[in-house]
Amino acid sequence: MAYSFLQEYWWFLISVLGALLVFLMFVQGGQSLLLQKDISERNRELLLDSIAHRWELTFTTLVTFGGAFFASFPLFYSTSFGGAYWVWMIILFTFIVQAVSYKYRSAEGNRLGRETYDKFLIANGIIAPLLLGGAVSTFFYGSDFTVQMDNLTRDPVTTGNVISTWGQYHGLEVLLNWRVVCFGLMVLFLTRIQALMWFVNRIDNDDIQKWSREQTVINTAVFLVLFLVSVYALLTATGLKTVDVHQFQIIRYRYLLNLIQMPAALVAFLAGTLLVLGGIIWTVLKTEFRNGIWLTGTGTVLVVLALFWIAGYNSTPYYPSYTDINSSLTIYNSSSSQFTLETMSYVSLAIPFVFAYIAWVWYKLVK
Amino acid sequence: MNDILTAIDWSRAQFAMTAMYHWLFVPLTLGLGLVVAIMETIYARKKLNPSTPQSETEEWLDLTKFWMRLFGVNFAIGVATGIVLEFEFGTNWSNYSWFVGDIFGAPLAIEGIFAFFCESTFFAVMFFGWEKFSIRQHCAATWLTAFGASLSAWWILVANSWMQHPVGMDFDPAQMRNVMTSFVDVALSPTAVNKFFHVITSSWSLGACFVISVCGWYLLKGRHTQFAVKSIKVAGVVGLVGILGTMITGDSSAVQVTKDQPMKLAAMEGLYEGKQGADLVAFGILNPGKKWDNDQDAMLFEIKIPKGLSILGRHDPDAFIPGIKDIIEGRDMIDGQEINTVNYNERILRGRIAHKALRDYNQAREYKDSIGMDRATEKLARHYQFFGYGYLGKADEAIPPVAMTFYPFHIMVALGTWMLLFLIATVWIVFRRQEWTKYQIAGYPVYPWLAIITAPIAWVCSQCGWIVAELGRQPWAIQDIMPVQAAISSVGSGNVKLTFFIFLFLFTCLLLAEIGIMLKQIKNKK
């Protein structure tokens with residue numbers, strides 16, 4: 001198999017995992033809704049019950065997403081994780097506490113009390129989508145790093161040099177970039193809408209059905225504003241084009257051009273957007289319609305796929321550096337070797353079987 | 001420069017702390033998973049056999065569900081600490097992540113794709129699928145959860161073993177990193193296979209000791225006696241098989257360490273000067289003033305097993321085992337013939353030559369000088385095996401912390417021996433002499449108390465094993481190729497200190513919560 005094909009194939013797999021992760025973060029969206037005061041204690045428990053047995057799947061997808069990134073694009077793993085230290089650390093803190101909260105919150109002897117675990121869930125529910133969304137948006141808006149491979153032959157202790165060097169704020173500087181913040185908030189509100197769709201689909205309770213539809217309207221209003229602003233910011237953004245392995249050229253409207261030049265991405269983006277909006281509108285307007293989650297879920301997956309494709313394909317560096325544009329990472333200059341990608345590609349052929357048994361098990365569990 | 005040194009130390013401390021917390025939970029998941037799977041299999045067989053009295057079937061269902069609940073409490077926190085380890089490779093060891101990511105990342109990805117999904121999916125069936133799946137399907141899900149956990153351990157141990165003994169790779173100067181050349185060599189290296197079975201079987205014995213310990217408390221209190229005896233029967237057999245497996249694989253592990261990481265073996269034994277027919281220290285106190293190049297005695301006090309170390313390391317009572325001084329000065333002896341290995345000063349020199357060759361390669365590439373590139377590549381290949389030594393200032397930087405390796409090793413062996421004796425006695429007592437469980441000395445029931453103290457012993461033993469494995473290979477992140485100081489990220493020490501204490505606080509709170517929940521579950525068992 002050609003090396004470039006393998007690199008593109010693995011970027012496709014990463015985009016699939018990323019898209020599934022964003023969809024599965026409806027669990028986080030549901031947790032963030034625990035902040036709402038206009039719902040009874042009993043109904044809150046019903047909401048939590050409906051997402052409680054799904055967190056493992058989201059968590060596992062996140063771990064696999066990280067592992068797959070490490071295996072296929074180690075220079076990104078090395079650069080982003082080692083540099084945007086605080087972003088990843090804060091994400092980690094919230095996932096640690098989430099992992100135990102569902103099991104421990106109602107267990108006797110949990111020492112911290114139910115309310116503390118609920119706060120953990122809320123923290124994870126808000127921070128994880130916000131920061132993961134923000135982290136993904138740096139695929140378009142860039143980060144503050146330089147990559148210098150030669151530093152490998154210089155002892156860090158005596159020279160202070162490592163391969164990837166970052167600015168002093170270690171990723172937190174993106175919080176000052178309104179486009180990144182807007183993108184993160186958009187992902188947060190998308191996960192909340194997905195969660196509301198999930199509640200409508202799973203919980204046979206009139207109060208919750210009504211409440212979820214009302215909340216969908218409010219959250220959709222916020223989401224739409226954030227979505228339109230984010231799409232505008234993205235499609236008018238200046239991006240980079242690869243000229244040589246480590247040489248790039250600045251291009252205006254880079255991502256708009258990518259959408260136009262990649263019909264598959266354009267179709268996925270438009271179809272996904274329509275499905276998300278269609279799922280929301282149908283759910284809000286037709287009280288007997290409860291399958292909105294599958295429309296919005298499919299739509300979310302398609303939109304995220306399109307975003308990953310315009311970020312990484314068509315000679316676009318998926319991790320631009322605004323400090324030193326020649327340090328930007330592409331799927332070609334940051335990937336694993338041909339041998340490793342080929343070996344893992346054979347392994348990846350088993351992924352559909354993994355999905356198949358997961359689907360079968362969950363079908364049986366929720367039947 | 002000082003800040004980087006501090007950041008390295010705190011990054012090491014953070015990784016070690018995370019790994020040690022993680023290893024409080026994982027062996028219990030591995031061991032208890034097997035115990036629960038066996039119990040459910042017994043239950044399923046009884047349930048499917050119409051001649052089994054219903055009370056007996058329900059008893060096994062009760063056993064299965066009780067231990068499964070404790071398994072569930074422990075499972076979540078193991079998952080939580082595990083994700084931190086995966087991400088810390090990137091956050092704190094970014095040079096490392098690039099330098100060997102081509103090899104190291106693959107096992108982590110495969111672990112995610114196969115093991116984690118298997119574990120988490122069938123875990124859900126275990127807990128929420130009693131009414132939705134047939135008995136056979138549910139039992140299969142329990143086995144698959146245990147299998148998934150073991151599969152996860154397999155891939156992470158493949159990654160760890162590769163760091164201890166790198167195989168199946170070449171350095172590619174054009175890419176400035178190591179690249180995989182044989183996946184089979186990496187995934188099935190003898191080091192990985194041995195380490196996997198060592199870890200898995202030791203975890204079985206730890207899980208079994210936990211079960212026996214809880215049951216010891218029930219026996220002490222005179223509660224749920226039949227439940228306790230039945231649980232001990234299953235756990236006793238699992239534990240005994242586990243500890244025997246641990247000892248057998250521990251023996252082959254010692255042979256591998258002698259061959260591939262002789263410095264680690266020397267540190268484990270506090271052996272500075274090698275000898276033929278080397279003795280094994282059964283008990284000893286190290287002399288803190290001893291250095292590899294002074295003439296002080298290595299030990300203040302010691303009890304030795306004659307020729308024990310030669311038997312352990314080379315399966316030959318008269319074999320030569322090199323000490324720290326021999327290794328640094330490049331001496332060894334195989335089959336009675338003295339051989340010269342490469343001394344550490346030369347290794348450092350050759351490591352620096354390799355670094356220079358790599359710089360020359362890059363410069364030649366910049367000028368498109370193919371002859372210069374070929375020359376540099378050839379020189380680099382000749383010296384690459386000592387690449388990591390090029391980062392060291394002097395030879396003694398390549399010596400692991402001897403006391404931190406020696407004492408945990410001896411504690412591990414002593415406690416492991418206790419576990420072996422206790423588990424043999426347990427199996428004998430529960431299958432042949434159940435009345436002995438009530439035997440008392442001065443009014444204290446002996447067996448229940450011994451059972452209770454064996455669980456913490458098993459944990460200390462297990463932790464010591466990892467301390468030996470990881471501290472004994474210092475200063476290497478990857479043996480001979482990359483010391484930890486070269487593996488670092490560009491994060492300031494203040495950041496790492498802060499995250500260290502946040503992790504410490506979080507993990508400690510969650511550990512206390514887990515213990516609290518488990519104790520409640522155990523005390524409130526109906």
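**Contact between the chains.** I looked first at where chain A and chain B meet in this predicted model, and I noted that 68 residues of chain A and 72 residues of chain B take part in the contact. On the side of chain B that touches chain A, I listed the elements that give two or more residues, and these are helices H1 (2-48), H2 (54-92), H3 (94-128), H11 (344-366) and H15 (493-523), together with strand S2 (177-180). H3(B) supplies 24 residues, the largest share of that side. I then sorted the residues on this side of chain B by class and found 43 nonpolar, 23 polar and 6 charged.

**Domains of chain B.** I looked up how chain B is divided, and I recorded domain 1 as 2-261 + 400-523, domain 2 as 265-340 and domain 3 as 344-395. For domain 2 and domain 3 of chain B, I noted that their centres, taken over C-alpha atoms, are separated by 33 Å.

**Packing of H7(B) on H13(B).** I turned next to helix H7 (residues 225-260) and helix H13 (residues 402-432) of chain B, whose axes come within 9 Å and cross at roughly 145 degrees. The crossing in which H7(B) passes H13(B) is left-handed. From H7(B) the residues in this contact include Val229(B), Ile232(B), Lys233(B), Gly236(B) and Leu240(B), while those from H13(B) include Gly416(B), Met419(B), Leu423(B), Val427(B) and Phe431(B). By class, I entered 13 nonpolar, 5 polar and 1 charged residues for the contact of H7(B) with H13(B).

How values were computed: Residues are numbered from 1 along each chain as its sequence is written. Chains are lettered from A and ligands numbered from 1 in the order in which they are written. This is a predicted model: local features need pLDDT of at least 70, side-chain atom pairs count only at pLDDT 80 or more; totals for chains, interfaces and linings use all residues. Two residues are in contact if their C-beta atoms, placed from the backbone, lie within 7 Å. Helices (H or I, at least four residues) and strands (E, at least two) are DSSP runs, numbered from the N terminus. Ala, Val, Leu, Ile, Met, Phe, Trp, Tyr, Cys and Pro count as nonpolar, Asp, Glu, Lys and Arg as charged, and the others, Gly among them, as polar. Domain bounds come from an automatic or database domain assignment. Axes are lines fitted to C-alpha atoms, for helices over the stretch in contact, and angles run from 0 to 180 degrees between N-to-C directions. A crossing is left-handed if the near helix is turned anticlockwise from the far one by less than a right angle, and right-handed if clockwise.
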